[in-house]
Amino acid sequence: MNWLAHALLSEDSVEFRLGNVLADLVKGRQRKTMTSEFLRGVKHHQKIDAFTDTHPIVSLSQSRISDPYRRFSGILVDIFYDHFLANTWEQHCPSPLSDFTAVLYLHMQNYPVKFVDETQLAIDRMIADDRLSSYQHVDGIGDTLLRVSNRIYERTGRDFELQQAVDELTCNYDGLADDFAQFFPELKRYVGMHETAH
């Protein structure tokens, strides 16, 4: 799952939620400066990812991705699922998405532990672009895929033009939406999230 799902599937503790959301950004030595509550959130993130990565419905979604992008199907489906979460948000959370993300961003900005520059820059950009709310829109998903593609290019020197994989979402929209609708309640039950939480 991607950032928005991790934010929702958290305990109400601020540090736990931040650890869950930022686990992929806060790594290695940086984790040694984090509190035990933040690190509990990191472990929760890993638990969610392990369940997701081995689930047959998620595998079905990944099989819908065509050959040119199949090697990135895990990344794509994670991001596509956040799109469906954003668009069915009222089914999962009583707070409007804009209110939920605004509070999360505020907690990120006010967190007293200093992040390394690279992590802080990623957080600042997430907030400035309101990326979590942007998942509601297909254009927002395209922008996210472009950023992912750029990061892969920086690491490998190869441009896979993942922004064009937004077509995988639009061409398989109904099937992916059905997959998400079946999978996400199972994930919520797995992490012990009740319908009235958050």
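Student: Why is Phe 160 called buried?

Tutor: In this predicted model, Phe 160 has a relative accessibility of 18%. The limit for buried is under 20%, so Phe 160 counts as buried.

Student: What makes Phe 72 buried?

Tutor: The relative accessible area of Phe 72 is 7%. That value is under 20%, so the label is buried.

Student: How many aromatic pairs does a search of the whole structure find?

Tutor: The search finds 11.

Student: Why is the pair of Phe 51 and Tyr 190 called stacked?

Tutor: The ring centres are 4.2 Å apart, within the 6.5 Å needed for a pair. The planes of Phe 51 and Tyr 190 stand at 15 degrees, which is under 30, so the pair is stacked.

Student: Why is this pair said to tie together parts that are apart in sequence?

Tutor: Phe 51 belongs to helix H3 (residues 36–53) and Tyr 190 to helix H11 (residues 173–190), so the pair connects parts 139 residues apart in sequence.

Student: Which accessibility class does each of these two rings get, Phe 51 and Tyr 190?

Tutor: Phe 51, at 17%, is buried. Tyr 190 has 37%, which lies between the limits of 20% and 50%, so Tyr 190 counts as partly exposed.

Student: What makes the pair of Phe 72 and Phe 160 edge-to-face?

Tutor: The centres of these rings are 4.9 Å apart and the planes are at 65 degrees. An angle over 60 counts as edge-to-face, so Phe 72 and Phe 160 get that name.

Student: Where do Phe 72 and Phe 160 lie?

Tutor: Phe 72 is in the loop between helix H4 (56–63) and helix H5 (73–87), and Phe 160 is in the loop between helix H9 (138–156) and helix H10 (166–171), so this pair ties together parts 88 residues apart in sequence.

Student: Which residues do ring pairs link into a cluster?

Tutor: The cluster holds Phe 51, Tyr 81, Phe 84, Tyr 173, Phe 180, Phe 183, Phe 184 and Tyr 190.

Student: How do you know that Lys 47 lies over the face of Tyr 190?

Tutor: Lys 47 is at 5.2 Å from the ring centre of Tyr 190. The distance limit is 6 Å, so this condition is met. The angle has its own limit, within 35 degrees of the ring normal. Lys 47 is listed as lying over the face.

Student: How many disulfides does the structure hold?

Tutor: The structure holds 0. A disulfide needs two cysteine sulfur atoms within 2.5 Å, so no pair meets that cut-off.

Student: Which class do Cys 93 and Cys 171 fall into, buried or exposed?

Tutor: Cys 93 is at 4%, so Cys 93 is buried. Cys 171 is at 66%, which is over 50%, so Cys 171 is exposed.

Student: Which residues touch the most other members of the largest nonpolar core?

Tutor: In that core of 60 residues, they are Leu 22 and Met 108. Helix H5 gives the largest share of the core, 8 residues. Leaving out residues up to four places away in sequence, Leu 22 touches Phe 38, Met 108, Phe 115, Ile 123 and Met 126.

Student: What makes Val 26 buried?

Tutor: The relative accessibility of Val 26 is 0%, so Val 26 falls under the 20% limit. Val 26 sits in the loop between helix H2 (14–22) and H3. Beyond four places in sequence, Val 26 touches Arg 31, Met 34, Phe 38, Phe 115 and Thr 119.

Student: Why is Ala 5 called buried?

Tutor: Ala 5 also has a value of 0%, so Ala 5 is under the limit. Ala 5 is part of helix H1 (residues 3–8). Apart from residues up to four places away in sequence, Ala 5 touches Asp 82, Leu 85 and Phe 184.

Student: What does the side chain of Ser 134 reach?

Tutor: The side chain reaches the backbone oxygen of Arg 131 at 2.6 Å. A polar contact needs a distance within 3.5 Å, so the distance condition is met. Ser 134 is in helix H8 (residues 131–134).

Student: What is phi of Asp 130?

Tutor: Phi of Asp 130 is near 45 degrees, a positive value in a residue other than glycine. Asp 130 has 31% relative accessibility, so Asp 130 counts as partly exposed.

Terms used
Residues are numbered from 1 along each chain as its sequence is written. This is a predicted model: local features need pLDDT of at least 70, side-chain atom pairs count only at pLDDT 80 or more; totals for chains, interfaces and linings use all residues. Side-chain values use heavy atoms; hydrogens and water are left out. Rings of Phe, Tyr and Trp (its six-membered ring) pair if their centres lie within 6.5 Å; planes under 30 degrees apart count as stacked, over 60 as edge-to-face and the rest as tilted. Helices (H or I, at least four residues) and strands (E, at least two) are DSSP runs, numbered from the N terminus. Buried means under 20% relative accessible area, exposed over 50%, partly exposed in between (1.4 Å probe, protein chains only). A nonpolar core is a set of buried Ala, Val, Leu, Ile, Met, Phe, Trp, Tyr and Cys residues joined through side-chain atoms within 4.5 Å. Contact means heavy atoms within 4.5 Å. A polar contact is a pair of N or O atoms within 3.5 Å; within protein, one must be able to donate a hydrogen and the other to accept it, and residues adjacent in sequence count only if both atoms are side-chain atoms.
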